[in-house]
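Good morning, colleagues. Please take a moment with the sequence and the model on the screen, and I shall then go through the side-chain contacts and the overall fold.

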Amino acid sequence: MANSNSDNVLKSTSLNKTLISGLFWVLLANLLVKPLWLLGIEVGVQNAVGTEMYGFYIGIFNLTYIFNILLDLGVTNYNTRNIAQYPHLISKHLSGILSIKLLLLALYALVTFSVGALLGYDTQQFHLLAILSFNQFLSSMILYLRSNFEGLLLFKWDSLLSVMDRVLMIAICGAMLWSPTSGGMTIFKFAYAQTAAYLITVVLALWVLVRKTGLRKLHWNKPFTLAILKKSLPFALLVLLMASYNRLDPVLLQLFSPDGAGDYNAGVYAGAFRLLDALTMIAYLVSVPLLPIFSKMTKNDTAKGELGETVRMMFSMMMVFAVTASCALASMDKDLMTLFYDSNEADYAAVFRIVIFCIIPISTTYVFGTLLTAAGRLKSLNIFALASLIVNILVNIILIPGLGAEGSAFAALTAQVFMAVAQVLAAVKIFKLKPSMGYILKLVCFTLTIIGCTLFTPHLRWWLALPVVTIIALVLAIVLRLIDLNSIIRIIKNDK
C-alpha cells in the first residue's frame, strides 16, 4: 500500500514537472517574439497605413477568424486530448486528419465568400478576403500540427513552432516598414507577408512530424472521417461560439456605427485591443500545456487527488499576472497610446482603459475552461459560450450607436465576465473544488493592494511605474503564498 501511494505521488509530481517545463519553454519563446510582433510590427503597420485602412483590414480579418473553426471543426482540441491519452494512435490519426483538413478548406471558402457576398463586399474587399482566408487555413494547419507535439508533451518543438511564423513575419514586415528600397507598407503586402511565413512554418512542422511518425502517404477513410468529426463537433461548436463573442466587435462596429464611422471605430478598437491581445497570448500559452496535463489527470484516478492543487497553483499565477497587468496598464492608458500611435491617442485611450480589464476574466477561462474541456464537459461550455455571445451582441447593438468603440469595449468586458463566472461555478460543482476562505481573502488583499499602488502611478513615468508595480506584485504574491516558490522548486526537482 505504501509503495502504491509512493508511485501515485511520483506520477502526479511528474505530471506537474512536465507542466512547469512546458510552461517555461512555451512562455520563453513567445515572450521573446510575440510582444515585438504585436507592439512593434502590427503597431508599425497601423501607423503606416492609417487607422481607417487598418480598420478595413481588421473587419475582414475578424470575419475570416470567426469562421476559422470550419477549417478545423474541433479536430485540434480533440486531437490534443486524444493523443495525450493514447499517443500510439498518432500515425493513424495524422494521415486521416490531414485528409480531412483539405476537405474542410473547400467548406470554409464557400461559407466565407458567401458571407462576404451577403455583406456586399466589393472587389477590393473580396481580394483581401481571399488572401486572409488562405492565411487562416495555413494558421489552422499550424495549430493542428502543433497539437500533435502538445499531445506527445514535446513542448520544445511546440515552442519553436509557436513563434516561427511570427519570427518570419517580423523579418519580412520589418524590411517593408523600415527598408528605404521596399516601396512602403500596404495592407495587401502585410497580408501576403503572413502567407509566406505561415507556409514555411507548415512545411517545417509537417517534415518533423513525418520523420517522427513514419507517415508515408495520406489516405481517405470515410468511417474514420465520420468518427473523428462526430467526436470533435462539440469542440467545433465551442470554438465557433467563443471566436464569435471574442472577435465579433469590429464587425459589429462596421455595421452599427453611425455616419460612416465604421472603419474608423473598428480601427480604434483594434488599436486599443492590441495590448490586451498580447496579454491574452500569455494566458493562452499557459493553457496550452494545461490541456494535456488536465486530460491525463481527469483520466487517471491516481492523479485526481492532485487536480485541485494544480488548478489552484495555475489560477493563482494567472490572477497575479492578470490583476497586476490590467490595473497597472489602465492607469497608464494615455501614455501608452501616445507611445504606440501617431494620432487619435485620446480615442484609443478611452477604449483601452475599459477593454484591458478583460484580461482578468479571460485568464480565468483559460484555467477553468481548459479543465472543463479536458473532462469532456463540452455541453456546459457550449451553453455558456452561446449565452456570452448573445450578451455580447445585445450590449454592442445597444451601446455602439451612442458610444462607438467604447460601447464595444463594455460589451466585450460584460461577455467575458459572464463566461468566466459560469465556468468557475461549473468547475467548483463538478470537481468539488473547495477554495478556503483564507485563500479568497489572500486574493482580495492582493487585488486591493495592487489597486492602491496603481493610484499613485499617474505621478510616475510609465517606464518607471510598470516595473515598480510588477516588483510589488511579485513580492506580495510570494509573501501571501499565491505564488509558492517552494512548491514550484520541489516539482522541478521532482522531490517528494
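**Salt bridges, rings and loops**

Across the whole structure, which is a predicted model, a search yields four salt bridges. I shall discuss three of these pairs.

In one of them, glutamate 42 and arginine 274 join through their side chains, with a nitrogen-to-oxygen distance of 3.1 Å. This pair connects distant parts of the chain, since glutamate 42 belongs to helix H1 (residues 2-49) and arginine 274 to helix H10 (residues 262-299), 232 residues apart. Are these two residues buried or exposed? Glutamate 42 and arginine 274 are both buried.

Another salt bridge brings together the side chains of arginine 353 and aspartate 333, at 2.6 Å from N to O. Arginine 353 is in helix H13 (residues 345-355) and aspartate 333 is in helix H12 (residues 333-340), so this salt bridge ties together parts that lie 20 residues apart in sequence. The two partners fall into separate accessibility classes: arginine 353 has a relative accessible area of 34% and is therefore partly exposed, whereas aspartate 333, with 9%, is buried because the limit for that class is under 20%.

A further pair consists of arginine 166 and aspartate 165, whose side chains meet in a salt bridge of 3.4 Å, N to O. Arginine 166 and aspartate 165 are both buried.

Let me turn to the aromatic residues. The structure contains 12 aromatic pairs. One of them is formed by tyrosine 54 and tyrosine 57: the ring centres are 5.4 Å apart and the planes meet at 50 degrees, so the pair is classed as tilted. Why are these two tyrosines about one helical turn apart? Both lie in helix H2 (residues 51-66), and the separation follows because they are three residues apart in that helix. Tyrosine 54 has a relative accessibility of 1% and so counts as buried; tyrosine 57, with 3%, is buried as well.

By way of contrast in geometry, phenylalanine 340 and tyrosine 341 make an edge-to-face pair, with 6.2 Å from centre to centre and 75 degrees between the planes. Phenylalanine 340 and tyrosine 341 are both buried.

The two tyrosines of helix H2 also belong to a cluster. Linked by ring pairs, its members are Trp37, Tyr54, Tyr57, Phe61, Tyr65 and Phe190. One of these members, tyrosine 65, has a charged group over its ring: the charged end of arginine 247 sits there, 4.6 Å from the ring centre.

What of the cysteines? The search of the whole structure returns zero disulfides. Cysteine 453 is in no disulfide, and the nearest cysteine sulfur, which belongs to cysteine 327, is 9.9 Å away. Cysteine 445, for its part, has a relative accessibility of 35% and so counts as partly exposed.

Next, the fold as a whole. How many helices and strands does the protein chain have? The secondary structure comes to 19 helices and zero strands. Of the 496 residues in the chain, 54% are buried. Among contacts with a separation of 6 or more, 84% involve residues 24 or more positions apart. The accessible surface of the chain is about 21200 Å², and carbon and sulfur atoms contribute 67% of that area.

One buried position deserves a closer look. Asparagine 392 lies in helix H15 (residues 378-403), and its relative accessible area is 0%, so this residue is buried. Which residues does asparagine 392 touch, leaving aside those up to four places away in sequence? They are Tyr245, Leu248, Asp249, Leu252, Ala411, Ala412 and Ala415.

I close with two backbone positions in loops. As background, most residues other than glycine have a negative phi. Lysine 432, however, has a positive phi, near 55 degrees, and is not a glycine. This lysine is in the loop between helix H16 (405-431) and helix H17 (437-454). With 64% relative accessibility, lysine 432 counts as exposed because the limit for that class is over 50%.

Arginine 481 likewise has a positive phi, of about 60 degrees, without being a glycine. Arginine 481 sits in the loop between helix H18 (462-479) and helix H19 (485-493). A relative accessible area of 46% makes arginine 481 partly exposed.

Terms used: Residues numbered from 1 in each chain as written. Predicted model: local features only at pLDDT ≥ 70, side-chain atom pairs only at ≥ 80, totals over all residues. Heavy atoms only, no water. Disulfide = S-S within 2.5 Å. Buried < 20%, exposed > 50% of the residue type's maximum accessible area, 1.4 Å probe, protein only. Phe/Tyr/Trp six-rings, centres within 6.5 Å; stacked < 30°, edge-to-face > 60°. Helix = DSSP H or I, 4+ residues; strand = E, 2+ residues; numbered from the N terminus. Lys NZ or Arg CZ within 6 Å of the ring centre and 35° of its normal. Contact = heavy atoms within 4.5 Å. Areas by Shrake-Rupley, 256 points an atom, 1.4 Å probe, with all protein chains shown as cover.
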